[in-house]
Amino acid sequence: MLELLEPIDVWVLFTKTGLQPSVFFWKGRQIKVEKVNLVHTTHNGSTLDYHFSVSSRGNFYRLGFDTNKLKWVLEAVEEDE
Amino acid sequence: MNKVILHIDFNSYFATVEQQANPKLRGKPIGVTGGDRMKRTVLGAASIEAKRFGVKTGMTPWEARKLCPKIIFVTGDSGKYLEVTKRFINILKSYSPYVEVFSIDECFLQCVGISVDQCVSIAKEIKLRIRADIGEWITCSIGISYNKLMAKLAGSLIKPDGLVVIADQAEAIRVLGTVELDEICGIGRQIKKRLNNSGIFSFKQLRVAPLPALLASYKSYGQTLYNMSRGLDYSEIIPFYEREEVKSIGHRHTISRDTDNEAEIRQILLKLAELVARRLRAKKLMGKIVSFWYRSTDFTGDGMQTTIALTSDGLGIFQAGWEIFQQIWDGGKIRMVGVSISNLRPQNPSTISLLPEIKRNEVITKALDKVNDKFGEFTLQRGILLDSTNSDRRFKL
């Protein structure tokens, strides 16, 4: 698994259950989130970060959302070779 | 009014949560480790698939790989596990206020005034809700019985994803006849060995042992053993909102390699003392008894404690502890160090110091805490802790 902290653009949906990433852009590709497997939060000082573990076409990605700066980063990637 | 206890235990918790997050890990043998300190870490959990190869929690990665060459090591992420536990507790709270959090991955739930059959329906519903609300890969084993001891035993009988009922004492006696002594919560390796040495190898034999003999050998624990063998347990559920008072606060750290470098050890101990002090202040507590201890390369070690004036200051804890540490440390290589403080008292009301230097320190500490609360631990720290040439000096706990 590749661990990184790369700023990315994300399209999100605001659903009844909350915010959910729908599509994100990485390395010139548009990646559609097919399933959110797990959401968890962490605190860095007073900043609350959301982490979305998601799947797309059998690949795994973890997206981080900084609620203070309202910015997204790609935190982890595991893709088929 | 009759009460029924449910014991809910997640299966291979940390490993299953990792497999829930990353479907590429599902169906594969994985071990959750401490991460980048692979040489020193042990497995915090093994997946169900790894357990089939004999891999167990507490093994070193080397031992695990020997048993299961294809094992995948995943760095543990406490944030993920705490989040899942929180959601799990919220599900349980919707059934009864009597929820006891036994550990990060197991809880007791007490239902009053309903039948065992109704509890079985609740258990099935809990399993469905865990799958729906937390994740489809997460499974738990549920034991249902008339007390905590038997509910926990019932929960351990079928894994993963079990649901076992021990409805009454007659059934408990039957089940106890089929399990080993150490399969019940409260009988560990040592007690089992002592029982074996007395010629007791089963619960049937334990039931025959007279109570006075058990009391003579095991003191008050003899009564517990006597009760266990009969499926009796009078302990009550301790609901999450009646948690016991904190008695001590401590931190320990395994160094990435054995060291006898005094400056390095001092630095790690100071950092641990600062972490202990931060937690004291967050809980609005002060402590009086400072303990410092270490473990050597050969896993032997020593520890000592000292009494100081009530404090919640990291440097004060370190200074008192370092003095005693120098008395116990023989200068040999160290693998692990630890700091703790006990005899805790609430911060307020405390005697207000008239000494200006103490007042000044309190003001500085409050300011440091404010900054670190906002921007994260050790954003502001003592200069001596800034040296980051060694990874251990930057450790996070």
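The following questions and answers walk through chain B of a predicted model.

Visitor: How many helices and strands does chain B have?
Guide: The C-alpha trace of chain B spans about 70 × 55 × 45 Å along its principal axes, and buried residues make up 31% of its 397 residues. Within chain B, the count comes to 14 helices and 13 strands.

Visitor: Which strands stand at the edges of the open sheet formed by β3, β2 and β4 of chain B?
Guide: The sheet is open and its pairing is mixed, with the strands in the order β3-β2-β4. Two of these strands have a single partner strand each, so one side of each is left without a neighbour in the sheet, and they are β3 (45–46) and β4 (72–75) of chain B.

Visitor: What is the bridge partner of B:G31 in β3(B)?
Guide: Strand β2 of chain B covers residues 30–33 and pairs with β3(B) in the antiparallel sense over 2 bridges. For B:G31, the bridge partner in β3(B) is B:A46.

Visitor: At what angle to β2(B) does helix α1 of chain B run?
Guide: Helix α1, made of residues 13–21, lies across β2, β3 and β4 of chain B. Its direction relative to β2(B) is given by an angle of about 110 degrees.

Visitor: How far apart are the end C-alpha atoms of helix α12 of chain B?
Guide: Helix α12 (residues 262–282) has 21 residues, and at 1.5 Å a residue these should span 30 Å. Its buried residues, among them B:I268 and B:L280, pack against β9, β10, α13 and β12 of chain B. The separation of the end C-alpha atoms agrees with the expected span, being 30 Å.

Notes: Residues numbered from 1 in each chain as written. Chains lettered and ligands numbered in written order. Predicted model: local features only at pLDDT ≥ 70, side-chain atom pairs only at ≥ 80, totals over all residues. Pairing = 2+ DSSP bridges. Helix = DSSP H or I, 4+ residues; strand = E, 2+ residues; numbered from the N terminus. Contact = placed C-beta atoms within 7 Å. Axes fitted to C-alpha atoms, helices over the stretch in contact; angles between N-to-C directions. Expected span 1.5 Å × (residues − 1). Buried ≥ 20, exposed ≤ 12 C-beta atoms within 10 Å, placed from the backbone.
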